[in-house]
Amino acid sequence: MVEKQREKPKGGLGKGLNSLIMEAEAETGRNVDFSEIKIQEIFPNPNQPRTDFPEERLSELMRSIEKDGLLQPILVRPEGSGFQIVAGERRWQACKNLGFKTIAAKIIIASDVEAQEIALVENLQRDNLNAIEEARGYQRLIELKGCKQKDVAEAVSKNQATISNALRLLNLPEEVQEQMFDGLLSSGHGRAILAVPDEDGRVRLAKKIVEENLSVREAESLARFYGTQGIDRARRSPSPRAFKIVARKLRQRLSTNVKVKTVRGKNRIEIEFKDEEDLERIFSEITK
């Protein structure tokens with residue numbers, strides 16, 4: 001049985017998921033169809049924005065569907081001789097595992113870009129994405145539509161600060177992002193790690209958090225220490241070769257210890273002298 005739903009299209013990313021579907025419908029002149037489709041005729045989208053499907057959550061969903069049925073149809077589009085999933089891959093997997101022959105689906109006509117956009121918004125409106133999946137989803141949506149953070153916030157019904165804080169996590173080293181993706185670090189841990197100024201310090205702090213199972217508060221305290229270490233390392237970084245050559249030549253010329261170095265972003269030459277008489281001698285050598 002196929003029933004059709006007509007709604008007045010409303011364009012624009014900021015209008016949310018329903019508007020994106022209606023926008024795709026309006027551009028093609030086709031309505032959204034609701035239908036029962038054979039499970040075997042449906043296949044996943046290789047560009048699915050969500051890549052993490054924990055077995056535990058899938059099992060929970062299967063139990064829920066077994067008890068109450070599928071409460072929300074999946075979203076598909078015609079592709080080749082079958083249908084490609086736009087949104088709802090986890091629901092499709094659960095029904096497939098339960099041995100369902102068919103599944104309730106909404107059929108839309110959408111381009112690759114429109115399908116990506118709808119899938120991103122549908123996923124981002126859910127609360128069970130991990131922090132890195134969520135951040136990457138926001139970034140992908142911004143790149144896909146060339147929009148601003150405030151437009152994404154409106155599209156997924158979240159405030160702009162939430163979007164901004166999530167996107168900051170993408171400044172973490174790839175290794176740390178993977179630890180967050182795997183659930184070893186929370187978004188709170190990620191924000192604490194971002195307080196460390198250098199990448200090496202961020203990686204080392206993340207490793208310590210995971211190894212010692214530290215809380216976010218403990219991570220925040222440690223981040224201040226790791227930040228100071230990073231600054232100290234920068235101050236102790238090797239001097240340029242030219243500094244060393246000049247310092248050596250000046251020591252030979254002036255017969256005293258000379259240092260050429262950088263202190264708090266400023267380059268300096270330090271010349272040692274014993275007393276006033278030695279100072280006059282050095283001055284005489286310099287002014288010859």
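Let's start with arginine 251, which is partly exposed, with a relative accessible area of 33%. Keep in mind that we're looking at a predicted model. Arginine 251 sits in helix α12, which covers residues 241-254. And it has company: Arg241, Arg248, Lys249 and Arg251 gather on the surface as a patch of positive charge. Patch members need over 30% relative accessible area, and arginine 251, at 33%, passes that cut-off.

So where is the patch of negative charge? Asp275, Glu276, Glu277 and Glu280 form that one, also on the surface. Take glutamate 277 as its example: the residue lies in helix α13, residues 276-286, and at a relative accessible area of 62% glutamate 277 is exposed.

Let me step back to the whole chain for a moment. There are 13 helices and eight strands. Of the 288 residues, 40% are buried. The chain exposes about 17,200 Å², and 47% of that comes from carbon and sulfur atoms. For those of you who like contact statistics, take the contacts between residues at least 6 apart in sequence: 65% of them join residues at least 24 apart.

Now to the pairs of opposite charge. Side chains of opposite charge can pair when their charged atoms come close. How many salt bridges does the structure hold? The count is eight, and I'd like to walk you through a few.

Helix α10 is a good place to look. Aspartate 200 makes a salt bridge with arginine 204, and their closest N and O atoms are 3.2 Å apart. Why can these two meet? They are four residues apart in helix α10, so about one helical turn separates aspartate 200 from arginine 204. On accessibility, aspartate 200 is partly exposed at 44%, and arginine 204 is partly exposed too, at 29%.

Further along in α10, lysine 208 forms a salt bridge with glutamate 212, with the closest N and O atoms 2.7 Å apart. The spacing story comes back here: lysine 208 and glutamate 212 are four residues apart in the helix, which means a separation of about one helical turn. Lysine 208 counts as partly exposed at 25% relative accessibility, and glutamate 212 is partly exposed with 44%.

Next, a pair elsewhere in the chain. Glutamate 270 forms a salt bridge with lysine 261, and here the closest N and O atoms are 3.3 Å apart. Glutamate 270 is partly exposed at 31% relative accessibility, while lysine 261 is partly exposed at 27%. There is also a network: Arg136, Glu174 and Glu178 are joined by salt bridges that share partners.

To finish, let's go inside, with helix α8, residues 174-181. Which residues of α8 are buried? They are Val176, Gln177, Gln179, Met180 and Phe181. And what do those buried residues pack against? Their neighbours are α5, at 131-145, α9, at 187-193, and α10, at 199-212. That last one is the helix we met a minute ago, the one with the salt bridge between aspartate 200 and arginine 204. One backbone detail for the torsion fans: α8 is followed by glycine 183, whose phi is positive, near 85 degrees.

That's my tour, and I'm happy to take questions.

Definitions and conventions. Residues numbered from 1 in each chain as written. Predicted model: local features only at pLDDT ≥ 70, side-chain atom pairs only at ≥ 80, totals over all residues. Heavy atoms only, no water. Patch = residues over 30% accessible without salt bridge, like charges linked within 9 Å, V, L, I, M, F, W, Y side chains within 5 Å. Areas by Shrake-Rupley, 256 points an atom, 1.4 Å probe, with all protein chains shown as cover. Salt bridge = Lys/Arg side-chain N within 4 Å of Asp/Glu carboxyl O. Lys, Arg positive; Asp, Glu negative; His and termini not counted. Charge placed at Lys NZ, Arg CZ, Asp CG, Glu CD. Helix = DSSP H or I, 4+ residues; strand = E, 2+ residues; numbered from the N terminus. Buried < 20%, exposed > 50% of the residue type's maximum accessible area, 1.4 Å probe, protein only. Contact = heavy atoms within 4.5 Å.
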